[in-house]
Amino acid sequence: MSYAMKAPARYSQGPGELDQLGRAAKKLGEKFLVICSTNNQARFGRRVETSLTEQGKEVLFTPFHGEATKAEVFEKMDLCKENGCDVVVGMGGGKALDTAKAVAENLGLPCVILPTVASNDAPCSGVAVLYNEAGVVVKAVLMRRNPDLVLVDTDIIANAPVRLFAAGLGDALSTWFEARACKKSGARTMARGNVSNTGLMMARLCYDILMEKGRAALEAVKAHQVTPELEDVVEASIYLSGLGFENGGLAAAHAVNDGFAQAPQAHGMYHGEKVAFGTLVQLVLEGSVAEELGPVLAFLRDTGLPMTLAQLGMDQPDRDILKKVAEAACVPTQSTKNLRADITADQVLEAILEADRIGRDYLGR
(Lines give C-alpha, C1' and ligand atoms only; values in the text may rest on other atoms or scores of the structure.)
Protein backbone atom coordinates (compact mmCIF):
# COMPACT_ATOMS: atom_id res chain seq x y z
CA MET A 1 0.00 0.00 0.00
CA SER A 2 1.29 3.45 -0.93
CA TYR A 3 -0.13 6.93 -0.43
CA ALA A 4 0.07 9.77 -2.95
CA MET A 5 -0.87 13.44 -2.96
CA LYS A 6 -1.27 15.96 -5.78
CA ALA A 7 -2.04 19.69 -5.67
CA PRO A 8 -1.60 22.86 -7.76
CA ALA A 9 1.72 24.64 -7.34
CA ARG A 10 -0.05 27.82 -6.20
CA TYR A 11 -3.64 28.68 -5.31
CA SER A 12 -4.70 32.30 -4.87
CA GLN A 13 -8.20 33.55 -4.00
CA GLY A 14 -9.83 36.86 -3.19
CA PRO A 15 -11.76 39.85 -4.56
CA GLY A 16 -9.97 41.55 -7.47
CA GLU A 17 -7.48 38.72 -7.73
CA LEU A 18 -7.67 38.62 -11.55
CA ASP A 19 -5.76 41.90 -11.67
CA GLN A 20 -2.83 40.17 -9.91
CA LEU A 21 -2.46 37.61 -12.72
CA GLY A 22 0.60 39.21 -14.28
CA ARG A 23 2.60 39.28 -11.07
CA ALA A 24 1.50 35.78 -10.08
CA ALA A 25 2.38 34.24 -13.46
CA LYS A 26 5.35 36.31 -14.59
CA LYS A 27 7.92 33.55 -14.03
CA LEU A 28 5.98 30.92 -15.98
CA GLY A 29 6.72 32.15 -19.51
CA GLU A 30 6.59 34.96 -22.06
CA LYS A 31 3.65 34.33 -24.40
CA PHE A 32 0.30 33.26 -22.96
CA LEU A 33 -2.38 31.42 -24.95
CA VAL A 34 -5.73 32.18 -23.28
CA ILE A 35 -8.53 29.69 -24.00
CA CYS A 36 -11.95 31.09 -23.14
CA SER A 37 -15.40 31.73 -24.57
CA THR A 38 -16.01 34.89 -26.57
CA ASN A 39 -18.33 36.03 -23.77
CA ASN A 40 -15.63 35.66 -21.10
CA GLN A 41 -13.11 37.39 -23.33
CA ALA A 42 -15.51 40.31 -23.68
CA ARG A 43 -16.10 40.42 -19.91
CA PHE A 44 -12.60 39.83 -18.56
CA GLY A 45 -10.17 39.81 -21.47
CA ARG A 46 -9.02 43.41 -21.08
CA ARG A 47 -8.14 42.80 -17.41
CA VAL A 48 -6.21 39.65 -18.29
CA GLU A 49 -4.33 41.37 -21.11
CA THR A 50 -3.55 44.47 -19.07
CA SER A 51 -2.24 42.48 -16.12
CA LEU A 52 0.04 40.36 -18.31
CA THR A 53 1.29 43.10 -20.64
CA GLU A 54 2.22 45.23 -17.62
CA GLN A 55 4.75 42.49 -16.89
CA GLY A 56 6.03 42.53 -20.48
CA LYS A 57 4.15 39.42 -21.57
CA GLU A 58 2.40 38.71 -24.87
CA VAL A 59 -1.21 37.47 -24.94
CA LEU A 60 -3.13 35.53 -27.58
CA PHE A 61 -6.82 34.77 -27.07
CA THR A 62 -8.52 31.82 -28.74
CA PRO A 63 -12.24 31.02 -28.48
CA PHE A 64 -13.45 27.92 -26.65
CA HIS A 65 -16.30 26.39 -28.60
CA GLY A 66 -18.24 24.87 -25.69
CA GLU A 67 -17.19 21.23 -25.56
CA ALA A 68 -13.93 19.73 -24.29
CA THR A 69 -13.39 17.34 -27.20
CA LYS A 70 -10.20 15.83 -28.58
CA ALA A 71 -10.67 17.94 -31.71
CA GLU A 72 -10.85 21.11 -29.63
CA VAL A 73 -7.68 20.14 -27.75
CA PHE A 74 -5.74 19.34 -30.94
CA GLU A 75 -6.86 22.61 -32.56
CA LYS A 76 -5.59 24.61 -29.57
CA MET A 77 -2.34 22.63 -29.49
CA ASP A 78 -1.66 23.49 -33.14
CA LEU A 79 -2.45 27.16 -32.51
CA CYS A 80 -0.17 27.20 -29.48
CA LYS A 81 2.77 25.74 -31.41
CA GLU A 82 2.23 27.90 -34.51
CA ASN A 83 2.33 31.08 -32.42
CA GLY A 84 5.18 30.13 -30.11
CA CYS A 85 3.12 30.31 -26.92
CA ASP A 86 4.85 28.89 -23.85
CA VAL A 87 2.06 29.14 -21.24
CA VAL A 88 -1.53 27.88 -21.53
CA VAL A 89 -4.32 29.71 -19.69
CA GLY A 90 -7.85 28.39 -19.25
CA MET A 91 -10.55 30.88 -18.25
CA GLY A 92 -14.20 29.98 -17.69
CA GLY A 93 -16.10 26.92 -16.54
CA GLY A 94 -15.00 23.34 -16.13
CA LYS A 95 -14.88 22.32 -19.80
CA ALA A 96 -12.83 25.34 -20.89
CA LEU A 97 -10.45 24.69 -18.00
CA ASP A 98 -10.14 20.99 -18.84
CA THR A 99 -9.37 21.86 -22.45
CA ALA A 100 -6.55 24.15 -21.32
CA LYS A 101 -5.21 21.51 -18.95
CA ALA A 102 -5.17 18.89 -21.70
CA VAL A 103 -3.38 21.26 -24.10
CA ALA A 104 -0.76 22.13 -21.48
CA GLU A 105 -0.26 18.48 -20.56
CA ASN A 106 0.18 17.32 -24.15
CA LEU A 107 2.66 20.11 -24.94
CA GLY A 108 4.51 19.97 -21.63
CA LEU A 109 3.80 23.64 -20.89
CA PRO A 110 2.89 25.52 -17.70
CA CYS A 111 -0.84 25.84 -17.04
CA VAL A 112 -2.77 28.73 -15.47
CA ILE A 113 -6.42 28.30 -14.46
CA LEU A 114 -8.86 31.22 -14.05
CA PRO A 115 -12.32 29.93 -13.06
CA THR A 116 -15.15 32.40 -13.63
CA VAL A 117 -17.69 30.19 -11.84
CA ALA A 118 -17.50 27.89 -8.83
CA SER A 119 -19.67 25.24 -10.49
CA ASN A 120 -17.38 22.23 -10.04
CA ASP A 121 -14.07 21.06 -8.61
CA ALA A 122 -12.11 20.95 -11.89
CA PRO A 123 -9.79 23.97 -11.42
CA CYS A 124 -7.22 22.53 -9.00
CA SER A 125 -7.10 18.95 -10.21
CA GLY A 126 -4.59 17.23 -12.46
CA VAL A 127 -7.45 15.59 -14.34
CA ALA A 128 -8.89 16.75 -17.68
CA VAL A 129 -12.18 15.16 -18.70
CA LEU A 130 -12.80 14.97 -22.43
CA TYR A 131 -16.18 14.48 -24.14
CA ASN A 132 -17.58 13.65 -27.54
CA GLU A 133 -19.67 16.15 -29.51
CA ALA A 134 -22.81 14.86 -27.77
CA GLY A 135 -21.41 15.74 -24.35
CA VAL A 136 -20.73 12.16 -23.26
CA VAL A 137 -17.52 11.48 -21.32
CA VAL A 138 -14.99 9.58 -23.43
CA LYS A 139 -11.73 9.94 -21.49
CA ALA A 140 -10.19 11.29 -18.30
CA VAL A 141 -6.64 12.49 -18.91
CA LEU A 142 -4.51 12.05 -15.79
CA MET A 143 -1.90 14.78 -15.97
CA ARG A 144 1.66 14.46 -14.79
CA ARG A 145 1.20 17.55 -12.66
CA ASN A 146 -1.56 19.85 -11.50
CA PRO A 147 -1.93 23.45 -12.73
CA ASP A 148 0.96 25.75 -11.93
CA LEU A 149 -1.40 28.53 -10.84
CA VAL A 150 -5.08 28.60 -9.93
CA LEU A 151 -6.32 32.14 -9.44
CA VAL A 152 -9.88 32.69 -8.18
CA ASP A 153 -11.41 36.18 -8.18
CA THR A 154 -14.31 36.00 -5.72
CA ASP A 155 -15.80 39.25 -7.11
CA ILE A 156 -16.34 37.34 -10.34
CA ILE A 157 -17.72 34.29 -8.53
CA ALA A 158 -20.16 36.45 -6.54
CA ASN A 159 -21.58 37.85 -9.78
CA ALA A 160 -21.85 34.53 -11.62
CA PRO A 161 -25.19 32.71 -12.06
CA VAL A 162 -26.65 31.42 -8.79
CA ARG A 163 -27.53 28.04 -10.28
CA LEU A 164 -23.91 27.43 -11.26
CA PHE A 165 -22.75 28.25 -7.74
CA ALA A 166 -25.31 25.83 -6.32
CA ALA A 167 -24.09 23.16 -8.75
CA GLY A 168 -20.62 23.61 -7.29
CA LEU A 169 -22.06 22.94 -3.85
CA GLY A 170 -23.54 19.70 -5.21
CA ASP A 171 -20.22 18.58 -6.66
CA ALA A 172 -18.42 19.41 -3.42
CA LEU A 173 -21.06 17.63 -1.32
CA SER A 174 -19.97 14.24 -2.68
CA THR A 175 -16.30 14.72 -1.76
CA TRP A 176 -16.46 13.47 1.81
CA PHE A 177 -18.73 10.52 1.14
CA GLU A 178 -16.69 9.29 -1.82
CA ALA A 179 -13.35 9.73 -0.04
CA ARG A 180 -14.71 7.91 3.00
CA ALA A 181 -15.85 5.03 0.81
CA CYS A 182 -12.47 4.79 -0.93
CA LYS A 183 -10.64 4.82 2.39
CA LYS A 184 -12.84 1.98 3.62
CA SER A 185 -12.51 -0.14 0.48
CA GLY A 186 -8.80 0.51 -0.06
CA ALA A 187 -9.41 1.94 -3.54
CA ARG A 188 -6.69 3.85 -5.33
CA THR A 189 -7.22 7.48 -6.22
CA MET A 190 -6.46 9.63 -9.24
CA ALA A 191 -3.25 10.63 -7.47
CA ARG A 192 -2.19 7.02 -8.12
CA GLY A 193 -2.11 5.96 -4.50
CA ASN A 194 -4.35 5.01 -1.61
CA VAL A 195 -6.31 7.56 0.39
CA SER A 196 -4.05 9.40 2.82
CA ASN A 197 -5.20 10.86 6.11
CA THR A 198 -4.52 14.30 4.65
CA GLY A 199 -6.78 13.63 1.66
CA LEU A 200 -9.51 12.34 3.95
CA MET A 201 -9.14 15.36 6.23
CA MET A 202 -9.56 17.79 3.33
CA ALA A 203 -12.67 15.94 2.16
CA ARG A 204 -14.20 16.11 5.64
CA LEU A 205 -13.35 19.80 6.06
CA CYS A 206 -15.03 20.45 2.72
CA TYR A 207 -18.23 18.81 3.97
CA ASP A 208 -18.15 20.63 7.33
CA ILE A 209 -17.76 24.04 5.67
CA LEU A 210 -20.63 23.31 3.28
CA MET A 211 -22.94 22.30 6.11
CA GLU A 212 -22.05 25.33 8.22
CA LYS A 213 -21.76 28.08 5.62
CA GLY A 214 -23.06 26.82 2.27
CA ARG A 215 -26.52 28.33 2.62
CA ALA A 216 -25.16 31.74 3.63
CA ALA A 217 -22.69 31.67 0.74
CA LEU A 218 -25.51 30.97 -1.69
CA GLU A 219 -27.40 33.97 -0.33
CA ALA A 220 -24.28 36.09 -0.81
CA VAL A 221 -24.15 35.13 -4.49
CA LYS A 222 -27.83 36.01 -4.85
CA ALA A 223 -26.95 39.44 -3.45
CA HIS A 224 -23.73 39.67 -5.54
CA GLN A 225 -21.69 40.21 -2.38
CA VAL A 226 -18.33 38.85 -1.30
CA THR A 227 -18.69 37.77 2.33
CA PRO A 228 -16.52 35.70 4.68
CA GLU A 229 -18.94 32.82 4.20
CA LEU A 230 -18.62 33.06 0.43
CA GLU A 231 -14.81 33.06 0.66
CA ASP A 232 -14.84 29.95 2.84
CA VAL A 233 -17.30 28.08 0.63
CA VAL A 234 -15.45 28.99 -2.58
CA GLU A 235 -12.33 27.54 -0.98
CA ALA A 236 -14.31 24.41 -0.14
CA SER A 237 -15.96 24.07 -3.56
CA ILE A 238 -12.84 24.72 -5.62
CA TYR A 239 -9.77 23.90 -3.53
CA LEU A 240 -10.82 21.39 -0.88
CA SER A 241 -13.21 19.56 -3.18
CA GLY A 242 -10.66 19.46 -6.00
CA LEU A 243 -7.89 18.10 -3.80
CA GLY A 244 -10.39 15.98 -1.91
CA PHE A 245 -11.64 14.08 -4.94
CA GLU A 246 -8.22 13.67 -6.54
CA ASN A 247 -6.51 12.52 -3.36
CA GLY A 248 -9.56 10.99 -1.70
CA GLY A 249 -11.09 9.19 -4.65
CA LEU A 250 -14.41 8.86 -6.44
CA ALA A 251 -17.17 6.33 -5.84
CA ALA A 252 -20.82 5.86 -6.82
CA ALA A 253 -21.90 9.52 -6.74
CA HIS A 254 -19.78 10.49 -9.74
CA ALA A 255 -20.41 7.18 -11.52
CA VAL A 256 -24.17 7.78 -11.34
CA ASN A 257 -23.61 11.30 -12.67
CA ASP A 258 -21.79 9.84 -15.66
CA GLY A 259 -24.52 7.25 -16.08
CA PHE A 260 -27.12 9.97 -16.57
CA ALA A 261 -25.54 10.63 -19.97
CA GLN A 262 -27.80 7.71 -20.98
CA ALA A 263 -30.91 9.71 -20.01
CA PRO A 264 -31.71 12.39 -22.63
CA GLN A 265 -34.12 14.16 -20.27
CA ALA A 266 -31.24 14.89 -17.88
CA HIS A 267 -28.88 16.38 -20.47
CA GLY A 268 -29.78 19.92 -19.48
CA MET A 269 -28.57 19.40 -15.93
CA TYR A 270 -25.18 20.58 -14.68
CA HIS A 271 -22.49 18.16 -13.53
CA GLY A 272 -22.81 19.16 -9.87
CA GLU A 273 -26.59 18.81 -9.95
CA LYS A 274 -26.34 15.21 -11.14
CA VAL A 275 -23.56 14.50 -8.65
CA ALA A 276 -25.79 15.80 -5.85
CA PHE A 277 -28.47 13.24 -6.71
CA GLY A 278 -25.71 10.65 -7.17
CA THR A 279 -24.58 11.35 -3.60
CA LEU A 280 -28.05 10.49 -2.36
CA VAL A 281 -27.94 7.28 -4.44
CA GLN A 282 -24.57 6.37 -2.92
CA LEU A 283 -25.87 6.90 0.61
CA VAL A 284 -28.77 4.55 -0.19
CA LEU A 285 -26.31 1.94 -1.48
CA GLU A 286 -24.36 2.30 1.77
CA GLY A 287 -27.49 1.83 3.86
CA SER A 288 -27.03 5.21 5.54
CA VAL A 289 -29.23 5.85 8.54
CA ALA A 290 -31.67 8.73 8.93
CA GLU A 291 -29.23 10.69 11.13
CA GLU A 292 -26.81 10.91 8.20
CA LEU A 293 -29.40 11.33 5.46
CA GLY A 294 -31.20 14.15 7.28
CA PRO A 295 -28.52 16.86 6.97
CA VAL A 296 -27.87 15.93 3.32
CA LEU A 297 -31.55 16.09 2.42
CA ALA A 298 -31.95 19.43 4.19
CA PHE A 299 -28.92 20.82 2.36
CA LEU A 300 -30.22 19.67 -1.03
CA ARG A 301 -33.61 21.21 -0.31
CA ASP A 302 -32.24 24.52 0.96
CA THR A 303 -29.83 24.97 -1.96
CA GLY A 304 -32.31 23.87 -4.63
CA LEU A 305 -30.21 20.88 -5.68
CA PRO A 306 -31.95 17.81 -7.17
CA MET A 307 -33.15 15.15 -4.79
CA THR A 308 -35.73 13.58 -7.12
CA LEU A 309 -35.70 12.32 -10.69
CA ALA A 310 -38.29 14.94 -11.61
CA GLN A 311 -35.84 17.66 -10.54
CA LEU A 312 -33.34 16.10 -12.96
CA GLY A 313 -35.80 16.61 -15.79
CA MET A 314 -37.24 13.09 -15.64
CA ASP A 315 -40.89 13.82 -14.82
CA GLN A 316 -41.96 10.37 -15.95
CA PRO A 317 -38.94 8.13 -15.34
CA ASP A 318 -38.57 5.27 -17.79
CA ARG A 319 -37.30 2.17 -16.01
CA ASP A 320 -35.49 0.96 -19.12
CA ILE A 321 -33.59 4.25 -19.38
CA LEU A 322 -32.78 4.16 -15.67
CA LYS A 323 -31.47 0.63 -16.14
CA LYS A 324 -29.09 1.99 -18.79
CA VAL A 325 -28.01 4.70 -16.35
CA ALA A 326 -27.29 2.04 -13.71
CA GLU A 327 -25.44 -0.20 -16.17
CA ALA A 328 -23.27 2.70 -17.34
CA ALA A 329 -22.44 3.48 -13.70
CA CYS A 330 -21.24 -0.09 -13.19
CA VAL A 331 -18.94 -0.67 -16.17
CA PRO A 332 -15.45 -1.82 -15.07
CA THR A 333 -13.88 1.58 -15.75
CA GLN A 334 -16.37 3.39 -13.51
CA SER A 335 -15.86 4.30 -9.85
CA THR A 336 -18.90 2.52 -8.39
CA LYS A 337 -16.57 -0.40 -7.67
CA ASN A 338 -14.68 1.84 -5.23
CA LEU A 339 -17.70 1.71 -2.98
CA ARG A 340 -17.95 -2.06 -3.08
CA ALA A 341 -16.57 -4.43 -5.69
CA ASP A 342 -19.68 -6.60 -5.96
CA ILE A 343 -22.30 -3.91 -6.59
CA THR A 344 -24.55 -4.81 -9.53
CA ALA A 345 -26.45 -2.63 -11.99
CA ASP A 346 -29.72 -3.93 -10.55
CA GLN A 347 -28.69 -2.72 -7.08
CA VAL A 348 -27.79 0.70 -8.47
CA LEU A 349 -31.13 0.87 -10.30
CA GLU A 350 -33.02 0.10 -7.09
CA ALA A 351 -30.92 2.68 -5.22
CA ILE A 352 -31.81 5.33 -7.84
CA LEU A 353 -35.49 4.56 -7.41
CA GLU A 354 -35.18 4.55 -3.62
CA ALA A 355 -33.29 7.84 -3.61
CA ASP A 356 -36.06 9.34 -5.72
CA ARG A 357 -38.68 8.02 -3.27
CA ILE A 358 -36.78 9.41 -0.29
CA GLY A 359 -36.46 12.79 -1.99
CA ARG A 360 -40.14 12.94 -2.93
CA ASP A 361 -41.21 11.95 0.57
CA TYR A 362 -38.93 14.60 2.08
CA LEU A 363 -40.38 17.28 -0.19
CA GLY A 364 -43.92 16.00 0.33
CA ARG A 365 -44.46 15.30 -3.37
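## A walk through the model, starting at helix H2

Select the buried residues of helix H2 to begin: they pack against helix H1 (21–25), strand E2 (31–36), strand E3 (58–63), strand E4 (87–92), E5 and helix H5 (154–158). As you look around, keep in mind that this is a predicted model.

Which residues of H2 should you pick for this view? In H2, the buried ones are Asn40, Phe44, Gly45, Val48, Ser51 and Leu52. Now show the whole helix, residues 38–53, and centre your view on Phe44. Here H2 has a kink of about 65°. Phe44 is also one of the buried residues of the helix.

**Next stop: the cavity**

Where is there empty space inside? Rolling a probe the size of a water molecule over the atoms shows where empty space is left. The structure holds one cavity of 30 Å³ or more, and the volume of the largest cavity is about 30 Å³. To see its lining, select Leu18, Leu114, Pro115, Thr116, Leu151, Asp153 and Ile156. Colour E5 and strand E8 (149–153) as well, since these are the elements that give two or more residues to that lining. Try colouring the lining of the largest cavity by class too: five residues are nonpolar, one is polar and one is charged.

**Then: the annotated binding site**

Now bring up a set of residues taken from a record. In an unreviewed entry, UniProt places the feature "binding site" at Gly94, Lys95, Ala96, Leu97, Asp98, Thr116, Val117, Ala118, Ser119, Ser125 and Tyr131. From this set, Thr116 is part of the lining of the largest cavity, which you have just visited.

Zoom in on Ser125, in the loop between strand E5 (111–115) and strand E6 (127–131). Is Ser125 buried or exposed? Its relative accessibility is 1%, so Ser125 counts as buried. Leaving aside neighbours within four places in sequence, show what Ser125 is in contact with: Lys101, Asn146, Pro147, Phe245 and Glu246.

**Last stop: Tyr131**

Move along to Tyr131, which has its place in strand E6. Tyr131 counts as buried because its relative accessibility is 16%, and buried means under 20%. What is Tyr131 in contact with, leaving aside its neighbours within four places in sequence? Select Glu67, Ala68, Thr69, Lys70, Lys95, Val136, Val137 and Val138 to see these contacts of Tyr131. Lys95 may look familiar: UniProt lists Lys95 in the "binding site" feature as well.

Notes:
Residues are numbered from 1 along each chain as its sequence is written. This is a predicted model: local features need pLDDT of at least 70, side-chain atom pairs count only at pLDDT 80 or more; totals for chains, interfaces and linings use all residues. Side-chain values use heavy atoms; hydrogens and water are left out. UniProt positions are given in the numbering used here, feature names are shortened, and annotations may be inferred rather than shown by experiment. On a 1 Å grid over the protein atoms alone, a cavity is a set of points where a 1.4 Å probe fits but cannot get out, and a pocket is an open set with protein on both sides within 12 Å along at least five of seven lines; lining residues have an atom within 4 Å of a point. Helices (H or I, at least four residues) and strands (E, at least two) are DSSP runs, numbered from the N terminus. Buried means under 20% relative accessible area, exposed over 50%, partly exposed in between (1.4 Å probe, protein chains only). Contact means heavy atoms within 4.5 Å. The bend at a residue is the angle between axes fitted to the seven residues ending there and the seven starting there. Grid points are joined across faces, edges and corners, and a volume is the space filled by probe spheres set on the points. Ala, Val, Leu, Ile, Met, Phe, Trp, Tyr, Cys and Pro count as nonpolar, Asp, Glu, Lys and Arg as charged, and the others, Gly among them, as polar.
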